Amino acid sequence: MIKIEQISKSFKDTKVLKNISFEIKKGDFTAVMGPSGSGKSTLLYSVSGLDSLSEGRVMFEDVNIINLLESELSKFRLTKMGFVFQNAQMLKNLSIFDNIILPGLVAKKESAEKIRKRASKLMKQMEITGIENRDIKEVSGGQLQRAAICRAMINNPEILFLDEPTGALNSEATDQVLEILKDLNRGGMTIMTVTHDQRVAATAKKVLYIRDGQLAACKEFKSNDDRVLELDLWLKELQFPTTNNGI
Ligand SMILES: Nc1ncnc2c1ncn2[C@@H]1O[C@H](COP(=O)(O)OP(=O)(O)O)[C@@H](O)[C@H]1O
Ligand SMILES: [Mg+2]
């Protein structure tokens with residue numbers, strides 16, 4: 001579905017991504033780990049076209065998104081990709097429900113009625129029915145993040161990109177978000193998430209490890225058993241600083 005071919009990115013004189021290649025197949029659930037400042041977010045933004053690249057290609061099906069004009073790229077992102085960030089980034093002056101349907105209204109691909117129906121269905125699926133009319137300050141962090149996932153899903157994207165989706169959540173809210181991601185992936189949704197949280201990475205099927213802007217290692221979980229342990233051993237081998245899980 002997405003082929004990342006030898007991408008590099010520099011900020012002024014500093015190379016933050018160095019010659020990274022990998023592939024995302026339909027139905028994949030890929031987690032990106034690595035020390036703070038290693039280039040995880042930059043990689044996610046480059047693959048999703050939120051950020052420009054210095055070198056390389058990002059083939060989304062048969063389109064090299066690097067070559068798209070900004071207006072084409074915005075439309076591409078709006079309809080084919082969903083985004084969730086650490087802090088939900090909802091608009092303050094809109095209710096939860098209006099925040100969720102907004103990208104649907106902007107895309108203008110479907111009737112408002114259809115978008116509202118999908119929003120209600122998504123809210124039910126994420127178990128946040130009842131908070132539709134609340135202000136974004138009137139809900140918990142976990143509810144807000146689940147609403148952000150609803151918003152990211154409103155245009156039926158082909159892939160969901162998440163950057164530290166549980167970074168601001170407590171343990172219980174993290175579990176809820178993980179269940180949702182698992183469910184979405186079981187339903188066929190392709191997911192790529194950046195995380196420093198081993199529980200999140202153990203939910204994925206594949207983990208990429210970024211160090212100093214390079215793809216240092218990649219692992220695919222062999223089975224569902226003992227994934228946390230398997231991941232922990234792998235990260236120890238990579239000398240991931242597991243004791244300090246700060247971002
Ligand atoms: N807009 C920017 N301008 C300059 N340097 C940046 C910018 N964004 C990120 N960087 C640098 O790129 C490196 C990788 O950053 P980032 O991708 O955010 O790391 P991570 O998400 O792994 O913590 C860091 O050294 C960071 O300081
Ligand atoms: Mg980051």
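Overall fold, ligand shell and the setting of Arg199

In the predicted model, the chain comprises eight helices and 10 strands. Its radius of gyration is 18 Å, close to the 18 Å that the globule rule gives for 247 residues, so the chain is as compact as a globular protein of that length. Taken along the principal axes, the box filled by the C-alpha atoms of the chain has dimensions of roughly 50 × 40 × 30 Å. Of the 247 residues, 38% are buried, and among the contacts that join residues at least 6 apart in sequence, 70% are made between residues at least 24 apart.

Ligand 1 is surrounded by Phe11, Val16, Gly34, Ser36, Gly37, Ser38, Gly39, Lys40, Ser41 and Thr42. In terms of residue character, this shell around ligand 1 divides into seven polar residues, two nonpolar residues and one charged residue. The element that gives the most to the shell is helix 1, which spans residues 40-47 and supplies three residues.

Arg199 is placed in helix 7, a helix that covers residues 198-203. Because 15 C-beta neighbours are found inside 10 Å of Arg199, and a residue would need 20 or more to be buried or 12 or fewer to be exposed, Arg199 counts as partly exposed. When neighbours within four places in sequence are left aside, Arg199 is in contact with Thr174 and Leu178. A further spatial relation links Arg199 with Arg227, as the two residues are 28 residues apart along the chain while their C-alpha atoms are separated by 9.2 Å.

Terms used: Residues are numbered from 1 along each chain as its sequence is written. Chains are lettered from A and ligands numbered from 1 in the order in which they are written. This is a predicted model: local features need pLDDT of at least 70, side-chain atom pairs count only at pLDDT 80 or more; totals for chains, interfaces and linings use all residues. Helices (H or I, at least four residues) and strands (E, at least two) are DSSP runs, numbered from the N terminus. Two residues are in contact if their C-beta atoms, placed from the backbone, lie within 7 Å. The radius of gyration is taken over C-alpha atoms; the globule rule is 2.2 Å times the number of residues to the power 0.38. A residue is near a molecule or strand if its C-beta atom, placed from the backbone, lies within 6 Å of it. Ala, Val, Leu, Ile, Met, Phe, Trp, Tyr, Cys and Pro count as nonpolar, Asp, Glu, Lys and Arg as charged, and the others, Gly among them, as polar.
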